[in-house]
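Here's a fold to poke at together, one question at a time. Take a look before reading on.

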Amino acid sequence: PAPTCSVCGARSVATMSSEKPDREYTLLRMTDHDSSTSDDFLRIFHGQAFGNFIFLNILGYTLFKDSIQLIADVCQTIIVLATLMAFYVERAFFTRNRIFQLLCLALVVQSLSWVASRQFVPDYALKYPSVKSMAYLFFFLGLAYWLKGDPRRIVITLLTFCLGVIFTFAYHSSFFSIVETGLDGARVDFNYRNAQHGSLIAGACFLFFVLLLLTSKFRKLSLGNAGILLGILLFGVFSVILQSRQSWLAISASLAILPLLGGGEHWPRRKVVLTYAILLMTMLALYQVSFIRERLLAGFVHQGDVHAILTGNWNEVRDFSIGVRLKTWLEAIQWFLAHPFFGTGYGSQSLVITLSKTLPDYITREFRHLHNSNMETLVCWGVAGFLVLYGTLFSVLRQVLCCPVSSRFIKMLAISFILYWLIINNFESFFYMRSGQWVFSVFMGAIYSTALHWELNRLGKEGHENLRH
């Protein structure tokens with residue numbers, strides 16, 4: 001029988017796509033390579049030892065990205081170099097791969113945005129084009145390739161990310177005293193930038209463990225299920241004490257759709273109703289906690305704010321957190337409308353604020369980003385950049401859902417994580433921040449790996465059939 005992951009039950013993509021070794025298809029994909037490409041290099045590149053070495057670097061990156069950055073940067077550099085080699089070795093495949101095509105398009109769009117900046121804001125334009133911001137988001141493609149669609153490696157990587165989150169919180173703070181303070185009702189951030197960043201990574205881990213529980217092969221209370229329940233409890237506590245309303249909203253929406261994703265075989269109607277009842281009772285119970293209720297209502301203490309928001313008079317909103325966002329978004333909309341196609345290049349998000357003649361001083365002095373990834377994308381790279389980013393997200397989602405070997409765990413993770421990511425990025429610019437790039441790269445790499453390697457193997461089989469005929 002094909003090997004499966006003992007946690008989520010997914011079978012290896014190599015064994016599910018064919019009973020023949022993946023190595024055969026790999027060799028077939030090499031038939032169009034230049035004669036200068038040595039067999040020894042290919043043997044090493046596709047060998048188990050090199051694959052294990054890159055996987056070890058993936059774990060190093062995943063564990064230390066936002067704590068011991070020197071280790072993470074070394075690991076990331078190795079992964080990037082190995083991925084560039086993969087682009088060359090597998091060029092016949094990657095030139096046909098939609099995500100790689102979108103990566104190339106992202107480089108073009110950023111270059112055109114730089115040209116636009118030289119024309120429209122020449123005094124503030126960069127001397128040379130910068131393509132790293134959008135290109136960095138495609139780092140997940142390298143992770144997906146080197147995870148090789150192996151369900152064990154995928155789960156181990158995500159578990160390592162969760163350990164990395166705990167380690168990051170402990171690395172930046174007095175961990176246990178901060179947790180104790182948070183449980184007493186004070187809002188904490190573990191000295192990790194601010195609470196929004198901590199809630200982003202903790203919320204992603206919480207979703208991961210919930211999905212592990214829902215798709216777990218463990219049927220009785222076992223060590224595995226006990227570990228999953230502990231993960232849910234731990235990251236649930238983190239998400240609560242960080243007190244980020246945007247994270248609470250994103251988690252709630254992602255949990256709310258999970259019962260609808262299981263399918264009739266796994267989720268009979270009675271189980272769906274029971275799950276929703278548990279979710280509702282949990283939310284009502286949490287609302288009874290005084291500091292949670294106060295945090296939820298904190299944005300509506302000023303009379304007239306709700307009316308101002310609903311009627312579009314955003315400059316009249318007096319709440320600090322909500323007001324900062326809405327007022328900077330108004331400025332961003334005006335900037336975008338002036339440069340809609342390609343924006344005005346990297347750095348424009350800060351120009352929107354510093355060059356504003358209408359924003360209050362407390363905003364222009366303190367802030368240099370727009371608290372919204374969509375706004376920053378439109379300002380910097382226009383509609384073109386916006387379409388590239390969302391085209392990437394939905395292309396990955398479509399490929400995962402259409403892939404016949406994607407496990408139920410991977411499909412549910414894809415939908416819930418992308419929904420979580422889209423919601424939370426409407427309130428912070430995580431697309432272009434270190435914490436956001438960390439969670440996006442790891443989760444999207446894990447989500448896309450199975451579909452990527454199924455497509456890679458399918459191309460190899462087509463090449464084999466063509467050679468036979």
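Q: Are Arg325 and Glu428 buried or exposed?
A: This is a predicted model, where local features need pLDDT of at least 70, side-chain atom pairs count only at pLDDT 80 or more, and totals for chains, interfaces and linings use all residues. Residues are numbered from 1 along each chain as its sequence is written, and side-chain values use heavy atoms, with hydrogens and water left out. The labels run like this: buried is under 20% relative accessible area, exposed is over 50%, and partly exposed is in between (1.4 Å probe, protein chains only). On that scale, both Arg325 and Glu428 are buried.

Q: How far apart, N to O, are the side chains of Arg325 and Glu428 in their salt bridge?
A: A salt bridge here means a side-chain nitrogen of Lys or Arg within 4 Å of a carboxyl oxygen of Asp or Glu. Arg325 and Glu428 meet that rule, with an N to O distance of 3.2 Å.

Q: How many residues apart in sequence are the parts that Asp66 and Arg434 tie together?
A: The side chains of Asp66 and Arg434 form a salt bridge at 3.7 Å, N to O. Asp66 sits in the loop between helix H4 (48-64) and helix H5 (69-89), while Arg434 is in helix H23 (residues 434-468), so the pair ties together parts separated by 368 residues. Helices are DSSP runs (H or I, at least four residues), numbered from the N terminus.

Q: Is Asp66 buried or exposed?
A: Its partner Arg434, at 28% relative accessibility, is partly exposed. Asp66 has a relative accessible area of 1%, so this residue is buried.

Q: Which residues do salt bridges with shared partners join into one network?
A: By the rule above, the count comes to four salt bridges. Those that share partners link up Asp66, Arg193 and Arg434.

Q: Which helix holds both Asp40 and Arg43?
A: Their side chains form a salt bridge at 2.9 Å, N to O. Asp40 counts as exposed, at 51% relative accessibility. The two are three residues apart, about one turn, in helix H3.

Q: How many disulfides does a search of the whole structure find?
A: A disulfide needs a pair of cysteine sulfur atoms within 2.5 Å. The search of the whole structure comes back with zero.

Q: How far away is the nearest cysteine sulfur to Cys162?
A: Cys162 is buried, with a relative accessible area of 3%. Cys162 is in no disulfide, and the nearest cysteine sulfur, that of Cys205, lies at 3.5 Å.
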